[in-house]
Amino acid sequence: MSTGRFGARLPRSDGPAKVAGEFLYSSDLHVPGMLHGVTVRSPHASALVRAIDTRAACALPGVRAVLTHEDVPGDKLVGTIIPDQPVLAIDRVRHHGEPVAIVAAEDPVTARRAAALVAVAYERLEPLVSVPRALADDAPALHPGGNCLRSVPILRGDPQASGDVVIRGRYEVGIQDQAFLGPESGLAIPDGEGGVKLHVATQWLHVDRDQIAAGLGLPSERVHVVLAGVGGAFGAREDLSMQLHACMLALHCGAPVKMAYRREESFAGGHVHRHPAWMEYEHHADHDGRLIAVHARIWLDGGAYASTSPAVIANATTLAVGPYAVDNADLLGIVAYTNNTPSGAMRGFGAVQVAVAYEAQMDRLAAAVGRDPLAVRRLNALPQGGTLPTGQAVRGPVATVALLDALEARALPGPVADVRDLPGSSFGATLGEGVRRGVGYAAGFKNIAFSEGVDDPATARVRLLVREGRVLAEVSTAAAEVGQGVLGVQEQIARTELGVEEVTVLPADTAIASAGSASASRLTWMIGGAVKLACAAVQTAVLERAAAVLGDRETALTLRNGAIWSGGDRVLELVAVVGGEPIACTRTYRHGLTEALDPETGQGDSHAGFAFVAHRAVVDVDVELGLARVVELTCAQDVGKVVNPMALEGQLEGGSIQGLGLALSEELLLGEDGLVQTRSFGSYRIPTIVDAAPVPSIVLELGDPATPYGLRGVGELPSISSTPAILAALRAATGHALTRAPVRPEDLVVHEEEAR
């Protein structure tokens with residue numbers, strides 16, 4: 001029996017090269033004679049573009065091209081959902097850092113010098129930097145349809161229903177950045193026949209290809225996109241960044257062009273960020289704490305362009321009550337255009353923001369009725385087959401109560417053994433006199449895969465061949481490995497289904513049909529389903545070929561452990577069956593149908609599946625200094641079925657620490673003029689090894705009956721309940737309401753009069 005099959009604890013196949021510094025990321029790519037591309041970006045959040053003078057830049061020795069919107073050969077607008085974003089600014093700019101022109105030169109220094117010489121005449125406009133101002137009747141429209149990008153109402157039961165206990169709260173979540181370590185980069189190579197090949201770090205090769213082709217005015221088959229090494233993603237690589245620009249320059253110059261952003265432009269114009277949110281909630285319950293009605297208003301800042309905002313606001317609104325049952329709901333989600341940096345996909349995709357609000361509401365409800373917070377959550381948890389405010393019934397086991405029970409049963413950590421581990425003590429500010437400990441719980445859930453009727457297929461090709469006397473399997477897909485371990489998933493499924501020890505996953509590119517995006521926690525489910533189907537087809541072909549060799553037999557043939565078996569007899573070696581004629585099959589997997597939400601009531605089976613998670617946070621807070629340290633952050637999650645325990649632990653730990661960052665330190669700051677103030681990791685504070693807490697994991701395998709092996713998505717869930725659990729622990733330690741994430745040090749200080 002192979003140790004590399006489904007469920008085995010395996011190190012990542014790409015891990016050694018990454019640890020040794022030998023892995024080629026997209027920014028490491030190099031070919032002889034390549035040029036270097038640089039982007040000219042707007043210094044303003046809102047302005048008219050009156051003129052662009054490229055003469056001085058073009059005259060600089062070593063410059064090969066300076067292109068503006070006039071040089072875009074195809075569609076001038078692109079977008080993942082709505083094509084509303086100019087390839088290069090046309091007559092105005094709508095956010096700080098918007099691309100205005102692109103330059104190609106023989107070396108990166110010359111390219112940047114040339115970019116600085118591009119003279120753009122701007123007429124500055126007053127930027128719309130707040131959602132209320134953007135939605136005001138007298139606000140200037142940033143796009144032809146107005147500034148309300150999408151509104152999602154959800155009405156169920158009696159929207160006017162009320163309860164004996166009413167909990168009202170206002171909550172805010174700041175802008176979180178994906179903070180991947182590898183900035184946007186790639187290499188475009190013209191094919192000499194009018195087409196182009198792009199090596200790029202991305203999450204969705206085929207959508208990139210189609211947008212690039214549209215912008216270049218080419219048929220899609222003339223654009224070949226190959227996945228380069230990805231240095232993190234978390235949603236920020238779903239939209240185009242340098243892809244189309246590099247291809248434009250390469251085709252214009254007839255030479256390879258590499259583009260690699262610096263951190264400052266990555267923050268200010270390179271990618272979307274998590275939507276900042278403002279939420280008003282009203283929970284109605286009886287005296288026992290059982291929910292009667294939930295009213296909520298959710299506003300997201302979509303920034304200058306649509307990106308994936310229409311889908312994010314749908315997620316936020318459909319998930320706004322959390323994993324709890326309520327018969328009456330009046331929910332409204334609105335995402336607005338502003339002149340702020342664009343918002344879009346980030347791990348959790350709308351579920352993170354609302355979890356901050358609904359979990360705070362559950363804690364406040366528990367306090368109001370005098371019950372334990374876990375008891376109130378158990379009382380209100382969705383039952384098996386429970387119905388969401390959209391009217392959709394949740395398929396399969398609902399794990400919320402089991403996850404909370406498992407967290408409560410786990411022993412709490414004891415006091416810290418070393419005073420230096422207390423907040424503030426490591427740099428001598430205190431000996432811990434003002435330290436208080438808090439414990440908090442939170443639960444969450446999220447949809448898996450794409451929703452609202454979006455076609456969401458994944459295709460895989462599996463081939464068995466003989467090489468040097470051994471049978472091996474090749475798996476070919478366009479699945480983007482962005483750090484989540486999908487390479488290993490494909491290897492393990494192929495080994496399991498075919499009984500072959502040697503499995504190679506070929507590099508992902510657009511030569512095969514789409515695998516869909518590495519997002520929505522969908523890829524293990526979807527590409528796993530496609531590989532499983534393709535393996536089953538290969539196995540059928542193998543057995544048919546073996547039957548032809550062996551002739552009629554009374555006992556059915558089976559394939560296992562590299563051989564053909566008839567009952568308990570090993571009758572033929574697989575190498576003899578495959579021989580010199582490889583066996584290959586391509587199959588496409590799709591999940592069940594979903595439907596768009598009713599635009600008036602928000603009713604509809606909009607989601608393909610769900611997963612459930614919960615966290616317990618133990619936090620020490622120095623209430624004199626306003627400093628906090630997370631002592632332990634335990635993650636409990638129903639993953640359906642474990643493919644690789646080691647990879648799973650990495651996802652649970654990483655997502656939980658990302659949630660810790662949102663709770664305590666991570667925030668991209670904008671000025672009142674809409675300009676991005678955060679320029680580096682010196683000011684954007686992601687948790688380091690000093691800040692990261694231990695993340696013990698509790699894994700349930702309850703399984704989704706409609707997915708391959710019962711798989712549920714994993715990657716996004718830990719970022720959903722980790723932040724509200726930490727906020728709950730901070731409230732327990734300080735007694736403060738703490739309605740905003742991330743908290744600030746001054747929010748945690750307990751003043752002397754409060755202490756008395």
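Strand β7 (residues 99-105) is mostly covered, with seven of its seven residues buried; buried means under 20% relative accessible area, exposed over 50%, and partly exposed in between, for a 1.4 Å probe and protein chains only. Strands here are DSSP runs of E with at least two residues, helices are runs of H or I with at least four, and both are numbered from the N terminus. The model is predicted: local features need pLDDT of at least 70, side-chain atom pairs count only at pLDDT 80 or more, and totals for chains, interfaces and linings use all residues. Residues are numbered from 1 along each chain as its sequence is written, and side-chain values use heavy atoms, with hydrogens and water left out.

Two strands pair if DSSP finds at least two bridges between them. Strand β1 (residues 35-41) pairs with β7 in the antiparallel sense over six bridges, and His 36 stands opposite Ala 105 in β7. Strand β3 (residues 63-67) also pairs with β7 in the antiparallel sense, over four bridges; here Leu 67 stands opposite Ile 102.

Further along the chain, an open sheet of four strands has the order β18-β26-β27-β28, with mixed pairing. Its edge strands, which pair on one side only, are β18 (435-448) and β28 (697-700). Neighbouring strands of this sheet are turned by 15° against each other on average, direction ignored. Axes are lines fitted to C-alpha atoms, for helices over the stretch in contact, and angles run from 0 to 180 degrees between N-to-C directions. Helix α11 (residues 400-409) packs on the sheet and touches β18, β26, β27 and β28, and its direction makes about 30° with that of β26. Contact means heavy atoms within 4.5 Å.

Within this sheet, strand β26 (residues 609-622) and β27 pair in the antiparallel sense over 11 bridges. The bridge partner of Arg 616 in β27 is Thr 634. Leu 627 lies in β27, which covers residues 627-638. Leu 627 counts as partly exposed because its relative accessibility is 27%. Cys 635 is buried, with a relative accessible area of 0%.

Next come the nonpolar cores. A nonpolar core is a set of buried Ala, Val, Leu, Ile, Met, Phe, Trp, Tyr and Cys residues joined through side-chain atoms within 4.5 Å. The largest one has 190 residues, of which Tyr 281 and Leu 464 touch the most other members. Helix α13 (residues 523-550) supplies the largest share of this core, 13 residues. Leaving aside neighbours within four places in sequence, Leu 464 is in contact with eleven residues named here in full: Val 471, Leu 472, Ala 473, Leu 498, Val 500, Val 538, Val 542, Leu 574, Val 578, Pro 582 and Ile 583. Apart from the largest core lies another, of 19 residues, among them Ala 47, Val 49, Val 100 and Val 118.

Helix α13 has 28 residues and reaches 39 Å from its first C-alpha to its last, close to the 40 Å expected at 1.5 Å a residue. The expected span is 1.5 Å times one less than the number of residues. After α13 comes Gly 551, whose phi is positive, near 85°.

Finally, the cysteines. The structure holds zero disulfides, a disulfide being a pair of cysteine sulfur atoms within 2.5 Å. For Cys 247, the nearest cysteine sulfur is that of Cys 253, 12 Å away. Cys 247 is buried, with a relative accessible area of 0%.
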